[in-house]
Every structure is written in C-alpha cells, then in structure tokens.
Amino acid sequence: MSFPILSFLTFFPLVGVIFILLRKGSIEVVERSAKNIAVLVSLVNFFVSCYLWSKFNPASPGFQFVEESKWIANFATYKMGVDGISIFLVILTTFISPICIFAAINSLKKRTKEFLIAILVMQTFMVGVFCALDLFLFFLFFEGGLIPMFLIIGIWGGERRVYSALKFFLYTFLGSIFLLIAIIAVYWNMNTLDIAKLLNTKIPENLQTWLWLGFFISLAIKLPMWPFHTWLPDAHVEAPTPGSVILATILLKISGYGFIRFSLGLFPIASHYFANFIFVLSIIGIIYASLVALMQTDMKKLIAYSSVAHMGYVTIGIFSFTKQGMDGAIFQMISHGVISASLFLCVGVLYDRVHSRLIKDYSGLVNSMPRFAFMFVAASLANVGLPGTSGFIGEFLVLIGTFKVNYIVTIFAASGVILSAAYSLWLCKRVVFGQFKVNNSEEKLKDLDFTEIAILFILMFVTILLGIYPNIILEPISSSVDLVVKNITTIK
Amino acid sequence: MKNLIPELVILLGSFSFLIIGVFAKNLNKIINYFIPVLLGILILFIYFNFSSSLSLFGNSYSIDPLSNFMKILVLISVLFTFLISNFYLERTNINQFEYPIILLLATLGMFVMISANNLIIFYLGLELQSLCLYILAAINTKSLKSSEAGIKYFVLGSLSSGLLLYGCSLVYGFTGSVDYTEIAKVAIGQSGGLKFGLVFILCGIAFKIAAVPFHMWAPDVYEGSPTSVTTFFTVAPKVAAIAALIKFLNVPYGNFISEWKTIIIVLSIASMFLGAVAAIGQTNLKRLMAYSSITHVGFILAGIAIATPQSLSAVLIYLVIYVFMKLGLFACIMSLNRNGVYFENISDLSGLSKHHPVISLCLTILTFSLAGIPPLAGFFAKFYIFLSIIEQKIYYLAVIGLLSAVVAAFYYLRIIKVIYFDPAKESYNKDIGYGLKFSIGVSTLLILFYFLDPSTLNFIVDNITKNIK
C-alpha cells in the first residue's frame with residue numbers, strides 16, 4: 001500500500017493542534033510556539049499538496065490516490081480520492097490556509113493560539129470535504145466545519161458577532177438536515193454510499209427529484225444562492241479577517257463542488273429537470289446581489305454581496321451542461337477564492353488601522369498608502385473581471401458555455417459583469433481616490449508592512465498568472481470535466 | 001443462582017452498610033470509597049457473563065444479553081454518580097450515611113425492572129426504584145426547593161404508579177395471567193380491554209421517562225434536587241424504564257405493533273418538539289438539561305416506535321451515548337463552585353473559557369455532541385435513529401425530528417456562546433477533585449473519539465437486538 005497522501009493532507013493539521021495543546025509554559029512561549037507550529041504545519045501541507053499535483057495524472061478522468069479502509073460495518077467506508085474537479089479545490093484550501101495563518105498572526109490581538117487551533121481544525125474538515133469519496137464521510141466533514149467556523153465568528157468577530165454566528169450556524173444546520181435525509185434515502189435505495197460506485201449506477205427516476213431537492217436546499221444555503229443568502233453578509237461582516245477569507249474562499253466552494261459531484265453526477269435526470277429553475281435563481285442572484293452591493297455602506301458587506309453575485313456564475317456554468325460552462329465554473333471558483341481573499345485582506349488592513357469598515361470613513365488613501373492603493377485597485381479590477389486577470393477567464397467561459405444553451409440567460413448574466421464594474425470601481429473611487437481623509441482627520445496612515453505586502457503580492461501573482469495562462473488549471477481538469485459532461489448529456 | 005450475584009451483592013451490601021452506618025458513623029468515608037470499587041467489580045462480573053441467557057423463579061425473572069447490557073449502563077451511571085458526588089456532598093453538608101444506601105437500593109429496583117418478565121415483578125421493581133428516588137430528591141433537608149421537589153415527585157409519581165397498576169390489573173383481568181409470555185399467547189385473539197391496559201401502562205412508563213405530555217414534574221424536580229441526584233435522575237431511571245418499555249412492548253404486546261406504534265410516535269413527536277421549544281427560555285442549567293433530556297427521550301421513543309431490530313440497536317447505541325454525554329455534562333456543571341457555593345445558572349458560565357480552558361473545552365464538546373453535530377458521538381446516536389426511521393419510509397417523523405434538532409441546537413449554542421463569547425467572571429475553585437476530573441475526562445474522550453470505531457458497539461448491540469422478539 002502506498003503512502004496515504006490524502007489522509008495525511010487531511011489529518012496532519014490535527015497533529016499540529018495536538019502539539020499546540022501539549023505545549024506548556026508561560027503565555028508568550030505557548031503563543032510563540034503555537035504560531036511556529038501552525039505556520040510549519042500549514043506550509044508542509046501546502047507543499048505536500050503541490051507534490052500531489054505533480055503526481056496527478058491529468059489524462060485519467062477517474063479518481064486517483066484512492067485510499068479505502070473499513071469504518072462503520074456494512075454502512076460507510078473510509079474512502080478518499082481526488083479527481084480533476086476536486087484536486088484544485090484541495091490545493092486552494094492548502095494554499096489559503098497558510099495565508100490565513102499569517103494574516104491572523106499579523107492582525108489578531110487576543111487568543112491567537114485558540115484561533116490558530118480553530119483554523120487548523122477547519123483545514124482538516126475542508127480538505128476532507130473535497131477528498132471524501134463516501135457520502136457519509138462527506139457529510140461528516142461538511143457539517144463538522146460548522147463548529148470551528150461558529151467559534152471563529154463568535155469569539156473573534158465584531159460587535160454583532162453572536163447574532164451572526166448563531167444565524168450562520170442555524171441556517172447551515174437547517175440546510176444540512178435535508179442533506180442528511182437525502183443521504184440516508186440514497187443508502188436505503190442503492191445500498192451503498194460509495195460515490196465512485198454511485199456515479200456508475202442509475203438512481204430510479206422518481207426518486208431523483210426528491211433527492212436532488214434535498215441536496216439542493218443544503219448546497220444552495222451553503223453556496224449561498226438567492227434567496228438563501230441572507231446569512232452570508234452578516235457572517236462576513238462580523239467575522240475576523242482570516243475568518244472571512246476562509247468563508248469566502250473555501251466554504252462557499254463546497255457547494256459548487258457538491259453541485260458538480262452530486263447533483264449532476266448522481267441525479268442527472270433531475271438536474272436536467274431543474275436546470276431552468278437554477279438559471280432563474282442564479283440570474284436573480286447575480287442582478288439582485290450586484291444592485292444591493294452598489295448601495296452598501298460597509299466594505300465587507302459589499303464584497304460579501306459581490307461573492308453572492310459571483311457564485312451565481314458558478315451555478316449557471318455548472319447547469320449549462322457544457323464543457324466550457326463547467327470549466328468556467330470550476331475556474332471561477334478558484335479565481336474567486338483568490339480574488340475575494342485579497343479583497344478581504346485589504347479591508348482587514350484598513351480595519352486594523354482605523355477600526356472602521358464604513359466606506360464613508362475613507363477617502364483618498366492613495367495619498368497616504370500608495371502600496372495599499374495599488375493592491376486594492378488591482379484586486380478590485382480582478383473582481384470586475386478585467387482581461388488578464390483570472391476573473392475574466394472564469395466569467396467568459398461561463399458566458400460562452402451558456403450561450404450555446406440559452407442566450408437569454410447569457411444576456412442577463414452578462415449584465416452582472418457591468419454591474420460588478422460599477423460597484424467595484426465606485427468603491428475604488430470613493431476609498432482610494434479623492435482628497436485624503438480618514439475618519440474626518442488628515443493624520444497619515446501606516447502603509448502596508450512586509451507581511452501584508454507579501455501576502456497580497458502572492459495572491460495578486462496567482463490571479464494574474466491564472467489570467468494569462470489559464471491552462472494551468474484547465475488542462476488537468478479537462479478529462480474529468482469531459483466525463484461529467486458526457487454523463488449528463490447522454491442521459492437526455 | 002450465579003447470575004443473580006449482582007442483585008444479591010447490591011441488596012446485602014446496602015443492608016450491611018445500613019448497619020455499619022448506624023453503629024459506626026466514622027466508617028462513612030471508607031464506604032464512600034468502597035462502593036465505587038464494588039460497582040466496578042459488578043460491571044466486570046456482568047460483562048464476563050454477558051451472553052448468559054436464562055429465566056428464574058418460574059419464568060418471572062429473566063437474565064439475557066439485553067438486560068445485562070442495560071444493567072451495565074445503569075451501573076456505569078451509578079458509578080459515575082458516586083464519583084462526582086463525594087466532593088459535592090461534603091461541600092454542601094448533605095452527606096448523610098443514607099445517601100449511598102438509597103442509591104444502591106434504587107439501583108436494585110432498576111435491576112428488577114430491567115429483568116422483570118412478569119407484571120408484578122415489574123411493578124415491584126418500579127416502586128422500589130421510585131420510592132428511593134423520591135427520598136433522594138428530598139435528601140437536602142435544609143433546602144426548601146429540594147423538599148418541594150421530593151413532594152412534587154412523590155405525589156405525581158404515585159399517581160402515575162396508580163395508573164400503571166390499574167393497567168396491569170386490566171391486563172390480568174382480560175388474559176388471566178401476569179406472565180409476559182403467557183399474555184402474549186392469550187392476547188392473539190383478544191382486543192378491547194387489553195388495549196386499555198396497554199394505554200394505562202404506557203402512561204405510567206411515559207411518566208417515568210418524562211415523555212411529553214407526562215413531563216411536567218421533570219424540570220421542577222431536576223432543578224430542586226441536589227445536582228448529584230439530578231445527574232442520577234437524568235440517566236439511570238431512564239435507562240431502566242426504557243429497557244422495561246422495550247421488553248413490555250415487544251414481548252407481551254408483540255402482536256399489537258400497529259396499536260402502540262401510533263401512541264409511541266405521538267409521544268415521541270411531542271417530546272422532541274416540546275423539549276426543544278420549551279428549553280429556549282430557561283436560565284437554569286438543570287432545568288435546561290431537563291428539557292434537553294425530554295428531547296432526547298423523544299428521539300429514543302422514535303427508535304422504539306419503529307421496532308425493527310435495526311431501530312432497537314439504534315436505541316441502545318443512543319442510550320450509551322446519551323448516558324456518557326449527560327454524565328460528562330453534569331460533572332462539568334458540578335465543577336462550578338466557589339468556596340462551597342455551587343452555581344447552576346447559564347449566566348454563571350459567562351466567560352468560563354478564560355479561567356478554565358479545559359473544562360470549557362470539554363463542556364463545549366459535550367454540548368455540541370448533545371446538539372448532534374458531527375463528528376461527535378451525539379450525531380451518530382441521532383443518525384442511527386434516523387437511518388432506521390427512513391428505512392421504514394416514515395419521512396414525516398424524520399423531518400420533524402431533525403427540525404426539532406435544529407431548534408434544540410439553538411439553546412445548546414447559547415451555552416457555548418455564554419462560555420466563549422461573554423465577558424469573564426471571577427474564577428471558580430481550581431481544585432475539583434479526582435472524581436470529577438475522571439468523569440469529565442472519560443466521557444469527553446469517549447464522545448470525541450467515538451467516530452474512530454463505531455463498529456464495535458454496533459456489533460455488540462446488533463447481537464442483542466436480533467433476539468429480542
């Protein structure tokens with residue numbers, strides 16, 4: 001048996017947690033070693049996932065690095081594996097985690113040790129979600145992530161943190177009970193929960209509709225899709241910066257992954273049946289969220305609504321059932337992960353210095369913080385989807401894909417691009433340009449320090465790299481996407 | 001006779017402790033250390049004779065894997081109750097020498113209930129248990145609330161016992177027998193009066209496990225009794241009554257499934273729902289736990305109502321996990337004392353994580369587990385129940401159950417919110433004693449790491465439940 005690389009990726013952060021917990025001594029010593037351990041663990045994990053990528057065989061559409069062992073007798077197995085669809089989400093997770101950890105070390109003032117533990121536990125659950133090849137195992141990871149996220153929002157959040165944390169938790173928990181019922185129903189009808197096996201069998205048509213709906217409610221809440229999105233702005237606004245980053249980059253991507261893997265893979269007939277329904281919800285989501293984003297006074301809320309709009313492209317792309325659409329959706333997930341991370345980190349930088357997220361408190365930052373201004377404008381432009389950044393590729397592919405299927409959808413979806421330019425650029429104009437003023441005083445602010453520059457630069461580099469040479473992602477995912485598209489189109 | 005050793009040891013033990021207590025009061029301390037050891041030995045004894053199956057005294061008392069399983073659970077609850085109460089009783093000055101003896105006698109009553117194969121024996125066991133519990137509720141004679149709890153429990157408890165006895169007499173009148181297997185044989189062609197008997201007996205048992213609408217006593221009694229007694233109330237009597245219920249429904253009334261199924265489902269839905277909703281407004285932790293256990297009983301009843309071997313396995317697994325969750329949680333509550341004063345309000349947990357990070361972490365894990373969040377054991381407990389419900393395609397029960405789990409999650413989250421998000425108060429006593437440390441540690445570790453190997457427990461209970469009918 002070869003080295004269980006996926007289990008290592010999943011559970012190695014927990015080993016770090018144990019080491020952090022075992023460290024005894026004065027508070028400074030413990031905090032310092034907690035930071036060192038967390039950085040070390042997350043970097044090791046990142047390099048191991050890069051190694052995983054290098055060993056990944058892009059020509060094979062099926063699952064690779066599969067590990068299987070007995071777990072719950074007669075019911076669920078412990079089965080892990082990745083294919084083209086999930087591998088980049090795993091890498092995104094391991095890539096964002098060290099960034100969050102650096103950001104947390106840089107900006108958090110209280111209880112850093114506990115925060116690092118929460119992030120590491122979170123990483124375990126999130127890598128596990130993308131690797132799990134057993135529905136029950138998937139559910140366990142999917143739901144388990146709620147605990148650390150709840151604590152992250154609740155302990156380190158802003159003023160209304162308790163309300164937001166509870167809303168986040170209960171909303172997602174409510175959704176996931178339908179997922180649980182659907183999973184149990186799958187088990188009793190198919191007698192297996194092994195995703196690889198389920199993908200190759202046909203679930204009876206009359207069941208598919210109900211099961212699809214069960215999965216849909218849970219995934220739509222987590223995505224979040226209009227009209228289930230109301231928890232997201234609250235959670236984002238109140239979460240501490242690294243928490244928002246995790247939420248936006250990783251948590252929101254679980255649903256996109258779930259739609260491709262489960263809704264399309266397991267219930268193709270129902271997916272065809274509901275495709276127009278998804279289109280309508282997504283278009284409403286894109287336009288509505290963009291309009292709402294225009295009117296926000298809080299920067300984090302604005303970015304949160306822009307996330308809702310961008311996730312709309314992901315669902316449209318997935319349910320176009322074309323290769324371009326699917327490619328675009330996956331690409332958009334990765335790219336949105338990176339871009340929204342940099343936007344949230346930028347807002348976090350401001351919040352650390354001024355303790356305000358309100359747009360009206362800032363103006364003309366370029367005069368005092370030129371480096372920050374550069375990064376912020378660049379991230380905003382990437383968010384708009386400027387050609388040359390990764391945002392462009394994702395949206396463009398989605399629009400191409402849907403045009404083949406339904407050009408009316410494309411027209412409406414494309415209007416979101418204009419709106420996103422409107423709110424992003426307006427945000428830049430108000431915050432970065434104009435006469436310098438912060439909180440009605442003209443006192444200079446400290447520009448980005450080395451860590452902040454480094455983090456934002458890495459994210460920017462990835463954004464532009466993917467924008468110029470998207471094949472880094474599109475090529476490895478190609479054969480897996482082909483398989484999904486072939487399965488779903490032949491069923492019709 | 002060898003298989004009766006646990007019952008005999010408990011009986012003779014409690015009597016001899018009574019004599020020792022009267023004549024040599026300074027031996028109390030030694031008895032308090034001796035009893036946990038004795039209980040541990042009994043657990044091992046039953047464990048090694050686990051698969052023995054026989055019936056005694058003219059088929060009125062049966063010992064089988066199911067009863068052994070339940071007895072071990074009861075013994076574990078009693079053992080933990082002893083471990084966590086030593087310190088507490090000293091601090092609150094209620095360590096009368098009767099306390100351990102009454103606890104042991106209650107345990108004996110539970111054993112009789114669990115093993116009963118005959119309505120009379122069942123009733124005797126139930127009454128022995130209940131009388132001891134009434135005394136335990138009122139054992140803190142200095143507290144008005146404790147006396148009130150005792151009286152309330154006694155009055156309502158006697159009423160329910162009366163109902164139960166009336167039901168038994170109806171069953172006897174219509175079948176001419178009190179023996180479970182005899183009743184089952186005669187009952188095939190019967191209806192009418194037997195169903196009345198069933199309803200009355202179910203009312204009696206529902207009272208003992210505090211299922212809605214027979215739950216009114218629970219919050220008051222739980223709140224008024226000393227915390228160590230409340231701990232005992234939340235676990236042991238429920239285990240015993242549920243064991244008796246499973247046996248009663250599946251042996252004498254095995255052919256009446258369609259009749260009692262509806263009753264149990266109604267009880268179950270009402271308990272899940274009311275337990276979840278009514279707990280939201282509570283400020284006292286013990287009251288909150290009362291409603292929380294009402295919800296849990298609802299889930300357990302849902303499993304009993306399905307009555308397939310799989311669902312009964314789920315019930316047994318649920319009981320095991322439930323026992324450890326509640327014991328751990330109460331141990332955490334009992335660690336909150338400051339110079340001999342014990343605190344039991346939710347607001348007293350405020351900012352606990354600052355001064356007591358370990359206890360807070362354990363309390364958080366146990367609370368999340370009670371709420372049923374994976375990958376903790378509490379999730380698996382609920383999950384197995386829903387697995388068996390959906391197998392029978394009773395979707396409405398599954399949806400209602402899960403919705404009430406979401407409502408219940410709200411008040412569990414509130415506890416965590418208070419522990420972690422609220423400003424810190426003064427620190428509590430750091431030295432909480434080995435008994436509490438042991439109880440908190442063991443239960444938390446079991447709940448946390450259950451997911452590593454769920455199969456072993458599954459295997460044990462599957463072997464038990466396939467022979468119930």
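Helix α13 of chain A, residues 299-318, is a good place to start: its 20 residues reach 29 Å from the first C-alpha to the last, close to the 28 Å expected at 1.5 Å a residue. This helix is mostly covered, with 20 of its 20 residues buried. Please keep in mind that you are looking at a predicted model.

Helix α4 of chain A, residues 112-131, also has 20 residues and reaches 29 Å, close to the expected 28 Å. Here 20 of the 20 residues are buried, so α4(A) is largely enclosed by the rest of the structure.

**The two chains**

Stepping back to the whole of chain A, its secondary structure comes to 19 helices and four strands. Its radius of gyration is 22 Å, close to the 23 Å that the globule rule gives for 492 residues, so chain A is as compact as a globular protein of that length. Chain B likewise has 19 helices and four strands. For chain B the radius of gyration is 21 Å, close to the 23 Å that the globule rule gives for 469 residues, so this chain too is as compact as a globular protein of that length.

The table sets out the overall figures for each chain.

| Chain | Span along principal axes | Residues counted as buried | Contacts (separation of 6 or more) joining residues 24 or more apart |
|---|---|---|---|
| Chain A | about 65 × 60 × 40 Å | 60% of 492 residues | 79% |
| Chain B | roughly 70 × 60 × 40 Å | 57% of 469 residues | 79% |

**Where the chains meet**

In the contact between the chains, 24 residues of chain A are in contact with 23 residues of chain B. On the chain A side, the elements that give two or more residues are α5 (135-144), α6 (146-156) and α7 (161-190). Helix α7(A) gives the most, with 13 residues. By type, the chain A residues on this side divide into 20 nonpolar, two polar and two charged.

**The nonpolar core**

The largest nonpolar core has 371 residues, and those with the most contacts inside it are B:Val239, B:Ala240, B:Ala244, B:Tyr318 and B:Leu319. Helix α13 of chain B, residues 309-334, gives the most to this core, with 20 residues. If you would like to explore the surroundings of one core residue, try B:Val239. Leaving aside neighbours within four places in sequence, B:Val239 is in contact with B:Met70, B:Leu73, B:Val74, B:Ser77, B:Leu319 and B:Val323.

**A hairpin in chain A**

Strands β1 (residues 64-72) and β2 (residues 76-82) of chain A pair in the antiparallel sense over six bridges. Three residues lie between the strands of this hairpin, where A:Asn74 takes a positive phi near 65°.

A:Gln64 lies in strand β1 of chain A and stands opposite A:Val82 in β2(A). Is A:Gln64 buried or exposed? With 18 other C-beta atoms within 10 Å, A:Gln64 falls in between and is partly exposed. Not counting residues up to four places away in sequence, A:Gln64 touches A:Phe56, A:Asn57, A:Gly81, A:Val82 and A:Asp83. A:Gln64 and A:Met80 are 16 residues apart in sequence, and their C-alpha atoms are 9.0 Å apart in space.

Elsewhere in chain A, A:Ser33 has its place in helix α2, residues 27-55. A:Ser33 is partly exposed, with 17 other C-beta atoms within 10 Å. The C-alpha atoms of A:Ser33 and A:Val121, 88 residues apart along the chain, are separated by 17 Å.

**Backbone details in the loops of chain B**

Most residues other than glycine have a negative phi, and most peptide bonds are trans. Several places in chain B depart from that pattern, and they are worth a look in your viewer.

In the loop between α8 (193-208) and α9 (217-224) of chain B you will find B:Pro213, which is joined to B:Val212 by a cis peptide bond with omega about 5°. The loop between α8 and α9 also holds B:Ala210, which has a positive phi of about 60° although it is not a glycine. B:Ala210 counts as buried because it has 26 C-beta neighbours inside 10 Å.

Another cis peptide bond joins B:Pro374 and B:Pro375, with omega about 0°. B:Pro375 lies in the loop between α15 (357-371) and α16 (377-391) of chain B.

B:Lys393 is found in the loop between α16 and α17 (395-421) of chain B, with a positive phi near 60°. Because B:Lys393 has 9 C-beta neighbours inside 10 Å, it counts as exposed.

Key:
Residues are numbered from 1 along each chain as its sequence is written. Chains are lettered from A and ligands numbered from 1 in the order in which they are written. This is a predicted model: local features need pLDDT of at least 70, side-chain atom pairs count only at pLDDT 80 or more; totals for chains, interfaces and linings use all residues. The expected span of a helix is 1.5 Å times one less than its number of residues. A residue is buried if 20 or more other C-beta atoms lie within 10 Å of its own, exposed if 12 or fewer, and partly exposed in between; C-beta atoms are placed from the backbone. The radius of gyration is taken over C-alpha atoms; the globule rule is 2.2 Å times the number of residues to the power 0.38. Two residues are in contact if their C-beta atoms, placed from the backbone, lie within 7 Å. Ala, Val, Leu, Ile, Met, Phe, Trp, Tyr, Cys and Pro count as nonpolar, Asp, Glu, Lys and Arg as charged, and the others, Gly among them, as polar. A nonpolar core is a set of buried Ala, Val, Leu, Ile, Met, Phe, Trp, Tyr and Cys residues joined through C-beta atoms within 7 Å. Two strands pair if DSSP finds at least two bridges between them.
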